[in-house]
Amino acid sequence: MAQESNLQKWQAASLPVDLAQELAAYTPAEQEDAFYQDLNFGTAGMRGLMGPGSNRMNIYTVRQVTEALARFIDDQGAEAKQRGVVISFDSRHHSQEFAQETARVLSQHGIHVYLFSSLRPTPELSFSVRYLKAFAGVMVTASHNPKEYNGYKVYGEDGGQMVPDAVAAVVAKRTEIQDIFTIATDEKEANVDIVDDQLDNAYLKEMRTVTVDPDLVAAEGSQLKFVYSPLHGTGQYIGEKALQQAGFTNYTIVKEQAILDGDFPTVKKPNPEDPAALALAIEYAKKNGADAVVATDPDADRMGAAVRLANGKYQVLTGNQIAAVLVNYLLTAKKQRQELPENGAIVTSVVSSRFASTVAQSFGVATVDVLTGFKYIAEMIDRFEATGEHQFQFGFEESFGYLVKPFAHDKDAIQALVLFAEVAAYYKSKNQTFADGLQELFERYGYFEEKTVSYEFPGQHGHEEMAAIMSTFRQEGPQTIGGQLVLATQDFASQTEYDRDGATKTLPQPKADVLKYWLADGSWVALRPSGTEPKLKLYVGVTDDSAAGAQTKLTAIVNDMEASLKKN
């Protein structure tokens, strides 16, 4: 069997002591999972558990995919090699080591490398690729995954994650590599330049453009009291500089979570989507009466928040709620200044709320829906700039990713951090809170509620199990969900929308393994296997005239879908 042969190659190799010991301690089940395949490399890059094996993140699999990337760049010619690759990394275990190995493999090919000497956020890496006009970028991170994971994101010359055609070319190059233990590296790093202050300063200069109303921030920025947690990651260094530059000084850092630690000892998951990740910051806020709490994930591309209510308690906001309030603030300011373009558009994913879209529509601003993955938002920004079809106003995903200004082409928690603080300061200037602003939008546009539920399918057969569930839903699509008729089904794998009468139309998005159902009351449901984790994700969005009504609808739909998933 290929799996046994693969295992034997690793057992015969001269591995570093830590990997050799871990390999020797593997159980049969762990051996199977670590060697049954090569770690998947797709449009979201490569992400997996750390450890020995072809299906794990380690120096050999990092060298392997970097060698494939290097061969791809070789094929593009001398100019591409000279333009080079920017590399950054987060606070996870082995991240700096993986970044160093990446630099050495690329340098061995004579490819110019720009390497940060210490950790920097994903959005700064995206910006740096654009600023330096580099050919590509690599970010070593597993984003918000648990501590056992690490990852490797590849960026194209536009600063967005590498597009599918280029990914396919890299994957093809990887299949040509016969022995991952003999990949050559340049230990002298002859083609490696260290870049730190130059790019920090350039990024921070662009960050000044994120502030919408400098006069407001000058007057109110020092009055807003908030707590910030970088969740043991990259956000604090550049985040504090950006906050102070904008005029926000009255904040407290969660000291326990300012420690760079790949074990993420204070949280179960370093994910601001998880309310538990904000618990310690909320404790801080309660002690000093802070107006709000903000947290960024380890590579600072996602931001979560909680806001103080009138009763002194703190409400953890959803990504969709944050986006709606930010969009309302941005578009209101532009309208008041007569700077709102006639062809403005926000860009979001097909599994994100219609809340921000409804707000945008009231300003005459369009919403463009793309597949999940911020690279698709980046692609749409590039399309707008090339065609003039729309002017980009804001981009977001429900999973706490936001982009205000497109100097970065990935979700940017540093931008979100500064804009969130400005919006909170705006409401404080009116003797209100961010929560009051959210409530005003509910009363004006309806009560929107959403929920995302993840179902784990680990191991060798996990992908097969998820594929079987998706196949069943395609073959036996539900006629009703939560007591509501299904009016239309969107199957992004076939790029087709079907209505109840059998009429069809073509979807504009690329093919993807996503199903979405639109219900008679305007609610929607989506199913999608995760691109980065062994999870099947269920998304539900509803709206109603009351909060209680929205919650009732949401509960009915989630319960119905969970019952259907259990049958499968």
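Mentor: Ala, Val, Leu, Ile, Met, Phe, Trp, Tyr, Cys and Pro count as nonpolar, Asp, Glu, Lys and Arg as charged, and the others, Gly among them, as polar. This is a predicted model, with local features needing pLDDT of at least 70, side-chain atom pairs pLDDT 80 or more, and totals for chains, interfaces and linings using all residues. Numbering starts from 1 along each chain, and side-chain values use heavy atoms, without hydrogens or water.

Trainee: Which class lines the largest cavity: nonpolar, polar or charged?

Mentor: The lining (residues with an atom within 4 Å of a 1 Å grid point where a 1.4 Å probe fits but cannot get out) is L224, F226, A292, V294, L417, F420, A421 and A424. Polar and charged residues are absent, and all eight are nonpolar.

Trainee: Which element gives the largest share of that lining?

Mentor: β10 (292-296) and α16 (413-429) each give two or more residues. The largest share, four residues, comes from α16.

Trainee: Which strands stand at the edges of the open sheet?

Mentor: The order is β14-β13-β15-β16, with mixed pairing (at least two DSSP bridges per pair; strands are DSSP E runs of at least two residues, helices H or I runs of at least four). Each edge strand has a single partner, so one side lacks a neighbour in the sheet; these strands are β14 (366-370) and β16 (401-403).

Trainee: What angle does helix α14 make with β13?

Mentor: Helix α14 (residues 355-362) packs on the sheet, touching β13, β14 and β15 (heavy atoms within 4.5 Å). Between N-to-C directions, on a scale from 0 to 180 degrees, the angle to β13 is about 170°.

How values were computed. On a 1 Å grid over the protein atoms alone, a cavity is a set of points where a 1.4 Å probe fits but cannot get out, and a pocket is an open set with protein on both sides within 12 Å along at least five of seven lines; lining residues have an atom within 4 Å of a point.
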